[in-house]
Each structure stands twice: as structure tokens, then as C-alpha cells.
Amino acid sequence: MTPDQIKLVQESFREIVPIREAAAALFYEKLFAIDGSLKALFRETNMKKQGAKLMAALGFVVHGLSRAETILPTVQDLARRHVGYGVEEHHYATVGQALIETLEAGLGEAFTPQVREAWAAAYGLLASVMIAAAREVQLAA
């Protein structure tokens, strides 16, 4: 990611923070619309609390992008936990799509092609790190 992309992600995320509850609800709505089978992973989950966790995790990652090496261990731990929840490698593409669609809806006209590209790069980085960590867990099992 370039410094300009990091700045775009961080600035656009600040616009999402005031609507974080609605954005989280919309994210899960979109996620389940894309792949209804994912609802099973959240059967016992309080979705309002889950949404708050999602937004907190996004905030952590977004704010740490300019010093990615400091957030990678936490992101890797998150991926390892997600293996235990039943998350599979192909789910990362679905999550990425739901995230981009949520940001597009939440940011409206501010979701420019450059902002989309920056978020895609950020999510691509995050997903690749998480997938690699998840593979390590699966190989060790």
C-alpha cells in the first residue's frame, strides 16, 4: 500500500465511525446476502456485539496501516481464532466483497474509485496475512 492509499483508507474510515452501528449491521446483511451459509457461523452470536467487535477490529487495522508490522501479530492471532469459528479460506473473498459494498453504501459519493482501490489494497493485505496464518493452523492440525 502506498502512503496515499493509507491516508485515503484512514480518512474514509473516519466518515464511517459516526455510523458504525448501521455500517456493521449493513455489512452482515450484505455478507449473508452474498453467502447465506455464513449465517450458520453466527447462530449463537449477539449480532450487535459482533458488529461492535467488527468495527473495533477495523479501527485497529485502519489506524495501524501506517505501521503494519506492529498490527500483524494481532491480525494473525485473529485469523487463527477464526479457523476455530469455522472460517474457511474462500470466505475471505466474500467478506471483502461485503466490506467494499458496505463502504460504498456508507460513503456514497465519497467512495471514489481511488478510495475503492485503497480499501481493496488494504483488505488484500489483511486477507493475505490472515489466510497465511490460518493455513499454518490447518497444517499444524
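In this predicted model, the largest nonpolar core holds 40 residues, and Leu31, Met55, Tyr92 and Trp119 touch the most other members. At least two residues of this core are supplied by each of α1 (3-16), α2, α3, α4, α5 and α6. Helix α6 gives the largest share, 11 residues.

Trp119 illustrates the contacts made across the chain. With neighbours within four places in sequence left aside, Trp119 is in contact with Val9, Ser12, Phe13, Leu58, Val62, Leu99, Ile100, Leu103 and Phe111.

Helix α4 can be described in further detail. Its 18 residues, 68-85, reach 25 Å from the first C-alpha to the last, close to the 26 Å expected at 1.5 Å a residue. The buried residues of α4 are Ala68, Ile71, Val75 and Ala79. These buried residues pack against three helices, which are listed below with their residue ranges.

| Helix packed against the buried residues of α4 | Residues |
|---|---|
| α3 | 47-64 |
| α5 | 91-107 |
| α6 | 113-140 |

After α4 comes Gly86, which has a positive phi, near 100°.

Is Arg43, in the loop between α2 (20-34) and α3, buried or exposed? Arg43 counts as exposed because its relative accessibility is 65%, and the cut-off for exposed is over 50%. Between Arg43 and Gln138 there are 23 Å in space, C-alpha to C-alpha, and the two are 95 residues apart in sequence.

Note on methods. Residues numbered from 1 in each chain as written. Predicted model: local features only at pLDDT ≥ 70, side-chain atom pairs only at ≥ 80, totals over all residues. Heavy atoms only, no water. Helix = DSSP H or I, 4+ residues; strand = E, 2+ residues; numbered from the N terminus. Expected span 1.5 Å × (residues − 1). Buried < 20%, exposed > 50% of the residue type's maximum accessible area, 1.4 Å probe, protein only. Contact = heavy atoms within 4.5 Å. Core = buried A, V, L, I, M, F, W, Y, C linked by side-chain atoms within 4.5 Å.
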